[in-house]
Amino acid sequence: MEEPGAPRDRELNSADHLALMAGHAAHNYAPLDVVIASGEGAWVTDVDGRRYLDALAGYSALNFGHRHPQLIKVAVDQLHRLTLTSRAFHAEPLGPFCRALAGLTGKDMVLPMNSGAEAVETALKVARRWGHDVRGVAPDRGTVIVMDGNFHGRTTTIISFSTDEDSRRGFGPYTPGFTVVPYGDVEAIRQAITDDTVAVLLEPIQGEAGVIIPPDGFLREVRELCTRDGVLLIADEIQSGLARTGRTFACDHEDVAPDVYVLGKALGGGIMPVSAIAADRAVMDVITPGSHGSTFGGNPLAAAIGHEVVRMLSTGHWQQRATELGAVLTAGLQSLTDVGVVAVRSRGLWAGVDIDQTLMSGKELCRRLADRGVLAKDTHGSTIRLAPPLVVEDADLELLVDTLRTVLVAAG
Ligand SMILES: *Cc1c(COP(=O)(O)O)cnc(C)c1O
């Protein structure tokens, strides 16, 4: 008899899967040659039975690790009740989820979507309509100030203001209405604001760019500037939010409340794509029936899981874990400066590590780490990103640092 849940393709090995992917899946990623079959907590197992420490955690989508029992239970219970209604009708889990997420963000209202990019798009639409309806900006004039090195997703509008050539090339014509300024430069924002500016959109820490942390006081100064000039501050906390940095939101480190939170990734508990924006009524009320929506946004399964994520975050346990484990990881990484680590940027359990570029590329480092049972992701050049699930143990972090040392020493 077949094992419960055993896929029919169980007999395929890694090489078979890699061939299928090369032949039949679009090449929009260049993943490591690891084919994962199962996961639990901070560990995954590939189709050939090799185990790996997951030090990326789905770019923070897996903050609670793989298949956290509390989240799986809620998901399974909901699977047995109701999975989808569309928004043409109300569904039981959505109201309680929205109230809980509003509470977590300190905002009045929530608009649920699915992917992170959709939530960013939602924030941009809300900001432009708010600019028009509330601020009196002329139609088609509302502009948004964005940051150099940003990453907000992959839709046509979002890549229109990306500064990464690979993300943009060949996809024009691009959506107008965005002004790019250097990240961390409050003076540049001040100078870029005009009567047509409706919002400033930023990541409180730039993840994709390599865990770039802005200068102390930057977020607070941008907040003051936006308040003074009547411009919305939109914080994309899709990767930085939900306990990753040791606080519920990265903006909390500067006691800053943006006008609009953009959330995703961990909001889906590593199970579903669940995203949302949160804002006060004065902003959210510009959204009227028919003006925005999504067939799957806020579906019962997503809402049940998202609600459990909010419950889990409401105790402070995960934020504290990120702080404590983050201190362990950071100290470990800083001890590697003698073997080729040239910079460590970290906040909570999230680190960008630059290595001596004469040793090897970030990609090659990740390949060699995977050979030794640790999964991490490179970003530009010789930088790697570490964001282990918050369920990781001290011993796992030791293993991570030791493996990095071994690989760097072998190359040096
Ligand atoms: C991942 C990410 C997004 C896009 O989310 P998707 O779910 O991939 O569309 C947007 N902003 C930030 C900061 C992200 O890290």
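A polar contact is a pair of N or O atoms within 3.5 Å; within protein, one of the two must be able to donate a hydrogen and the other to accept it, and residues adjacent in sequence count only if both atoms are side-chain atoms. The model is predicted, so local features need pLDDT of at least 70 and side-chain atom pairs count only at pLDDT 80 or more, while totals for chains, interfaces and linings use all residues. Residues are numbered from 1 along each chain as its sequence is written, and side-chain values use heavy atoms, with hydrogens and water left out.

**Exercise 1. Describe the surroundings of the ligand and its polar contacts.**

Step one is to list the neighbours, where a residue is near a molecule or strand if one of its heavy atoms lies within 4 Å of it. The residues that surround the ligand include S115, G116, A117, F151, H152 and G153, and E203, D236, I238, Q239 and K265 are also among them.

Step two is to find the polar contacts. A nitrogen atom of the ligand lies 2.7 Å from an N or O atom in the side chain of D236, whereas a polar side-chain atom of K265 is 2.6 Å from an oxygen atom of the ligand. With A117 the partner is a polar backbone atom, 2.8 Å from an oxygen atom of the ligand.

Step three is to ask how far the ligand is covered: of the 380 Å² of accessible area that the ligand has on its own, the protein covers 80%, with areas from the Shrake-Rupley method with a 1.4 Å probe and, for residues, only the protein chains shown counting as cover.

**Exercise 2. Work out how E208 and R385 are linked, and how accessible each one is.**

Begin with the general idea that side chains of opposite charge can pair when their charged atoms come close. A salt bridge is a side-chain nitrogen of Lys or Arg within 4 Å of a carboxyl oxygen of Asp or Glu, and the structure holds 13 of these salt bridges.

E208 and R385 form one, their closest N and O atoms being 3.1 Å apart. Because E208 lies in the loop between β7 (197-202) and α9 (218-229) and R385 in strand β15 (residues 383-386), the pair ties together parts that are 177 residues apart in sequence. Helices (H or I, at least four residues) and strands (E, at least two) are DSSP runs, numbered from the N terminus.

For accessibility, buried means under 20% relative accessible area, exposed over 50%, and partly exposed in between (1.4 Å probe, protein chains only). E208 is partly exposed because its relative accessibility is 22%, while R385, at 2%, counts as buried.

**Exercise 3. Trace how strand β2 is paired on either side and where its hairpins turn.**

Two strands pair if DSSP finds at least two bridges between them. Strand β1 (residues 36-40) pairs with β2 in the antiparallel sense over four bridges, and S38 stands opposite T45 in β2. Strand β3 (residues 51-54) also runs antiparallel to β2, joined by three bridges, with W43 opposite L53 in β3.

Next come the hairpins. The one of β1 and β2 has two residues between the strands, and G41 there takes a positive phi near 60°; the one of β2 and β3 has four residues between the strands, and G49 takes a positive phi near 90°.

Finally, compare the faces of β2 (residues 43-46): V44 and D46 form the covered face, W43 and T45 the uncovered one.
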